[in-house]
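Dear colleague,

I am handing over the structure below, and my notes on what was found in it follow directly after.

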Amino acid sequence: MAPIRHPADRFLSPRFDWVDGVTDPRLNRRTFLQLSGVSSAALALGVAAPIGALASAEADGAQLPDGVFGLGVASGDPGTGSVVLWTRLAPEPLAPDGHGGMPPRPVPVRYEVATDESFRQVVRRGAAVASPELAHSVHPQVDGLDPGREYFYRFHAGRQVSPTGRTKTLPAGPDATFRFATASCQAWYHGHFTAYRHLVQEELDAVVFLGDYIYEYGITAANLWRAGAAVTPEHGVEIQTLEQFRLRYSLFKTDPHLQAAHAAAPWFVTWDDHEVQNNYGADGSRYGVLPEHFVHLRAVGYRAFYENLPVSLSTLPEGPDSTVYRRSGDGELVRFHVLDTRQYRDPLPVDTADQNREDRSILGAEQETWLYDGLAGSTAAWNVIANGVTVAAITTNRTDQWDGYPANRRRLLDAMRTTSNPVVLTGDIHKHVAAELKADFTDPASATVGVELICTSIASDGDGAPTDAYTPDWVRHPYVRLYDGRRGYVHVTLTRDAMTSEFKIVPWVEADADAPLATVARFVTPAGAPGLERLA
Amino acid sequence: MSGRHVRTVTGLHAEGHLGRIVLDWTPVPWDTVVDHYAVYAAPDAGDVEPGPRTLLTKTVYPHVVHSGLGGRARGFAYRVVTVDAAGARSKPSAPLAASSQVSVTTTGTPLAVVGDFDGKGLEFALSPNGYSRYPATFPDGVDFRVGADVPGTGWSYLHPGPSDAWAGRRTHTFRLRFDLASVPAGAVWLAIWLIDSHATIPGSVALDVNGTAVDRLRFEGGATRGSLEGDTTVPGTRLRPSYLERPLPPGLLRTGENVLTMVKDEGSWIAWDAIGLFAV
């Protein structure tokens, strides 16, 4: 089944007048109007195009600059029978105008999906139009796939063929073994993406990315800790325009290990704050930008997020709004609930009474209802909640986290009590933390209703160390079972009977990408018995 | 891109202030996906031809503060072009001319000045990012004597407030001592230029001259960047400078030593560009 969209199919509304966006005479209005079987919206949005009807445009596509697949390929939002494929044509990924060196006209892109890496058994073929309006990205959704199955895919543009990507659908039955990794916070300038070099060696069914895929800060000598890296002056300022956001995604994606990680498995991606601006919430900037102005920054940040990631069309922004919370998986083993903890949150509390207000929400009322309904209605053995900021109670002054929204946390924990095996995945803090989620955090003896696996950063904050100045705040709680401040990822194995979580680290990222991988902790969470049993 | 219509902005208007001109316009509707607005400016002109040489800035906001104009009244002509997500450009907006206001730092006679009124705070102690050393360097605040002390060691680039945990969550006092051979016959103005301030709680200081409480000086919200960078003239900077100039009540100054005291007892930090007293 495809990811469940909310609100359903809003992208099919006729708000996109794609014809206005087509200026190339070889792929013009008349050409498109002759096509059939695909909605004009889907065509314009890089989702689908009638294969075989784009011959003249493809002939022109043969003139494309070399290296159009310079940003790699990716897949995402897998369901039990579907997956979204992604690429963005960019022969010059670091072209300062953010258009990747592409000519300003639509380009048809074909794709193939096969059950074998040599593409002898192709099971799906299709096409989509890469338009300059979307930075020449395409997001075709492939349906009708078998559950729990490995597939390979590739794109064609003109005479060029992309690298091959591997993807996999979610399992349908309860007896599969499902392996995924979580990652977050990849400040490219702070270090090498060594963790991804190791992650691609795992045979993963999915990767869950938990926010801060890019950072908005200017990259200067003061924060460029990645040895051997250099950037041109246009990267030296804090990004604000769409061309700057596109360029920032391109810069980060030039890392070969990141591209390899995208090509190795389907990703679920949510955002945190740095996809727009540090510590923003809803329309509120911490840097004095008026709300009526800030929404314009949010619009380009959300737009660039969609363009550069393998996410469903349901996340395409409308102006400054984007429905990123979504759900995937109707099988019996696992269901993913992907949250947005930025767009709908109430402002920072003005005082303690405000912080403890019953109606404060980090998710917003609509997303809360959607989440609790989805948890209650899930028939999966494991319910995985991909979330931006820490849920566990740490200190009351960490108001950017769920600590700033205690009433919302109580509502979530209440919902988790009646959910089958809830697991919260979190990023943001640049530390590995494993925590048990208590029914009442003021009473450590209260029931454990779920677990939270917080993954450290891929590179943000550089090398890090096992402990740091923040460690005491976390480890003083009996329900916090692990703290480690080095870079890495979390590996999770799900079976019907248990979840095994392994916290992986690399000892350095600044000097080079050669650091070895180590496992600092392993936990087992038996099905039906939420908690973290540490393994030797 | 030919054949593509991109909406032109309307409603361009401007307001001239000390050291800056604030531009606003009506953003194009959301169904145009805007990459940015390109703002063009030409000095001392009634119109501007959009081009690479006249590009002032690119912004996603329907709002630009053309800052760093100094103390003189500066006139500019402006136009704005919409650039959409595909890179297509609109026709330029109608032109608009506007001027900044003149500063007392230009028209007055300096009596006591610390720092340069130049959009930079780099000449001050601990600049551009040494705030963590403030408590050890200035445990009793700043006590600066004009003619004896130098900004590089005697005047902190940041003036913290009680909201700043890194500075002990307490009030912080800056004193400016200066000698006058004679009291000016006319008005005396105080000029405070900031390169930035805390965005949401810039707060205020209680101003005292020679033991007489004068007033409370309230500051504009900045961009919360000035604790880490000190130059508003760098292209692309997000620093948000602000300016405060006001006359002092008569009769406060005296021959010999004078002391101007600022107690930051509200809000967070401000980041200095310069401070001075001017006879006009």
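Chain B is divided by the domain assignment into domain 1 (10-99) and domain 2 (104-279), such bounds coming from an automatic or database assignment. This is a predicted model, in which local features need pLDDT of at least 70 and side-chain atom pairs count only at pLDDT 80 or more, while totals for chains, interfaces and linings use all residues. Residues are numbered from 1 along each chain as its sequence is written, chains are lettered from A and ligands numbered from 1 in the order in which they are written, and side-chain values use heavy atoms, with hydrogens and water left out.

The centres of the two domains of chain B, taken over C-alpha atoms, are 31 Å apart, and each domain gives eight residues to the contact between them (contact means heavy atoms within 4.5 Å). Together they bury about 650 Å² (the accessible area, with a 1.4 Å probe, that two parts lose on being put together, summed over both). Of the area that domain 1 of chain B buries there, L18(B), R20(B) and G71(B) supply 66%, more than any other three residues. The side chains of R20(B) and E220(B) also meet in a salt bridge at 2.6 Å, N to O (a side-chain nitrogen of Lys or Arg within 4 Å of a carboxyl oxygen of Asp or Glu).

Between the chains, 30 residues of chain B and 32 residues of chain A take part in the contact, and about 2600 Å² is buried, 57% of it on carbon and sulfur atoms. The rule finds three salt bridges across this interface, including that of D35(B) with R246(A) at 4.0 Å, N to O.

Best regards
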